[in-house]
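Please open the structure in a viewer and keep the selection panel at hand. The tour below proceeds by stops, each with a selection to make and a description of what is found there.

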Amino acid sequence: MRKPVIAANWKMNKTHVEAILFVEALRNLVDAEHLDKVEVVICPPFTAIRSVQTAIDSDGLGFGLGAQDLHWEESGAYTGEVSAQMLRKLHVGYAIVGHSERRQHFGETNETVNKKVKAALAADVVPIVCVGESLEEREAGDTESKVKTQIAEGLEGIKGDRLEATIVAYEPIWAIGTGKNASPEDAQETIAAIRSAISSLDKKVAAKVRIQYGGSVKSSNIAELMAQPDIDGALVGGASLDAGEFAGICRFETESE
């Protein structure tokens with residue numbers, strides 16, 4: 001059975017002090033009983049990673065720590081970049097790779113996504129690989145083609161245990177930060193197509209790979225999304241900035257039983 005994973009992507013928000021206060025608030029809202037059923041990951045900006053790591057390690061509650069990006073080289077003359085090895089030394093266990101905002105604003109491609117996925121896995125960091133279509137691509141009926149290409153090229157050469165360890169996040173670009181979200185049925189249809197594309201890479205592990213949905217996820221719609229057979233969690237943006245709202249998303253399974 002695939003354990004759901006709920007990840008908070010804070011993007012360029014929260015100072016290190018605000019991050020500490022968030023973790024302190026969240027630990028009072030999401031307890032060990034919830035974490036037995038749902039994997040919770042916090043992805044702060046680089047400047048707050050050390051502070052969040054210390055806060056997480058001090059309480060031993062079991063939140064995971066993630067980064068919002070990484071570079072594929074171990075070291076070198078790459079001003080402003082951070083390697084997977086550097087992140088792992090800070091107990092970072094996850095890294096978001098290929099988010100649509102990275103693709104749109106910073107020239108991320110399927111090729112660089114593939115390099116980053118391989119670098120993350122080599123450093124024992126779980127990549128959360130983002131795929132998704134624009135509104136224009138969706139209206140043109142190109143959703144399935146787009147995400148299958150992103151999977152084929154972004155995960156090229158990843159098989160077996162390495163593929164099973166990878167998390168994929170389906171984020172329809174038109175639903176990120178807009179208040180709009182794909183219906184649970186639409187999300188399920190596309191995520192099923194993503195799982196089919198993963199099967200083309202390694203049929204044996206495709207059923208074990210966890211696939212999240214991301215795009216205006218809130219506590220009010222998470223249960224409906226999670227009721228779908230192929231949706232294994234959520235990559236949460238704006239709603240993850242409020243501890244109470246994010247806790248409501250993390251507690252969906254207990255509340256819906």
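In this tour, Ala, Val, Leu, Ile, Met, Phe, Trp, Tyr, Cys and Pro count as nonpolar, Asp, Glu, Lys and Arg count as charged, and the remaining residues, Gly among them, count as polar. The model on display is a predicted one.

**Stop 1: the largest pocket**

Select Lys11, Met12, Gln68, Arg102 and Phe106, which lie nearest the centre of the largest pocket. The lining of this pocket comprises 20 residues, and the space within the pocket is about 520 Å³. By the classes given above, eight of the lining residues are nonpolar, seven are polar and five are charged. Which element gives the most to the lining of the largest pocket? It is H5, with four residues.

**Stop 2: the loop between S1 and H1**

Keep Lys11 selected and add Lys14. Lys11 belongs to the loop that runs between strand S1 (5-9) and H1, and Lys14 is placed in the loop between S1 and H1 as well. Display the backbone here. Lys11 is not a glycine, yet its phi is positive, at about 55°. Lys14, likewise a residue other than glycine, has a positive phi near 80°.

**Stop 3: H1 against H3**

Continue along the chain and select helix H1 (residues 16-27) together with helix H3 (residues 49-59). Their axes are 8 Å apart, and the helices pack at an angle of about 25°. Are these helices roughly parallel or roughly antiparallel? Angles under 35 degrees count as roughly parallel, and H1 and H3 are therefore roughly parallel to each other. The crossing in which H1 passes H3 is right-handed.

Now show the side chains in the contact. On the H1 side, select His16, Ala19, Ile20, Val23 and Arg27. The residues they meet in H3 are Ser51, Val52, Ala55, Ile56, Ser58 and Asp59. The residues of this contact between H1 and H3 comprise six nonpolar, three polar and two charged.

**Stop 4: H1 against H12**

Leave H1 selected and replace H3 with helix H12 (residues 243-250). The axes of H1 and H12 come within 9 Å, with a crossing angle of roughly 45°. That angle makes H1 oblique to H12. Here the crossing is right-handed.

For the contact itself, select Phe22, Ala25 and Leu26 in H1, which meet Ala243, Phe246 and Ala247 in H12. The contact of H1 with H12 has six nonpolar residues, with no polar and no charged ones.

**Stop 5: H8 against H10**

Select helix H8 (residues 143-154) and helix H10 (residues 184-201). Their axes cross at roughly 35° and come within 9 Å. H8 passes H10 in a crossing that is right-handed.

In H8, highlight Thr143, Glu144, Val147, Lys148 and Ile151. Their partners in H10 are Thr190, Ala193, Ile194, Ser196, Ala197, Ile198 and Leu201. Sorted by class, the residues of the contact of H8 with H10 are seven nonpolar, three polar and two charged.

**Stop 6: the enclosed space**

How many cavities of 30 Å³ or more does the structure hold? There is one, and the space in this largest cavity is about 40 Å³. To find the cavity, select its lining: Gly98, Ser100, Arg103, Cys130, Val131, Gly132, Gln150, Glu171 and Ile173. Helix H5 (100-106) and strand S5 (126-131) are the elements that give two or more residues to this lining. The lining of the largest cavity divides into three nonpolar, four polar and two charged residues. H5 thus appears a second time on the tour, having also given four residues to the lining of the largest pocket.

**Stop 7: the second largest pocket**

Finally, select Gly177, Ser216, Val217, Gly237 and Gly238, the residues nearest the centre of the second largest pocket. This pocket holds about 210 Å³ of space and is lined by 17 residues. Of its lining residues, five are nonpolar, nine polar and three charged.

Technical notes. Residues numbered from 1 in each chain as written. Predicted model: local features only at pLDDT ≥ 70, side-chain atom pairs only at ≥ 80, totals over all residues. Heavy atoms only, no water. Axes fitted to C-alpha atoms, helices over the stretch in contact; angles between N-to-C directions. Parallel < 35°, antiparallel > 145°, perpendicular 65-115°, else oblique. Left-handed = near helix turned anticlockwise from the far one by under 90°. Contact = heavy atoms within 4.5 Å. 1 Å grid on protein atoms, 1.4 Å probe; cavity = no way out; pocket = protein on both sides within 12 Å on 5 of 7 lines; lining within 4 Å. Points joined across faces, edges and corners; volume = space filled by probe spheres on them.
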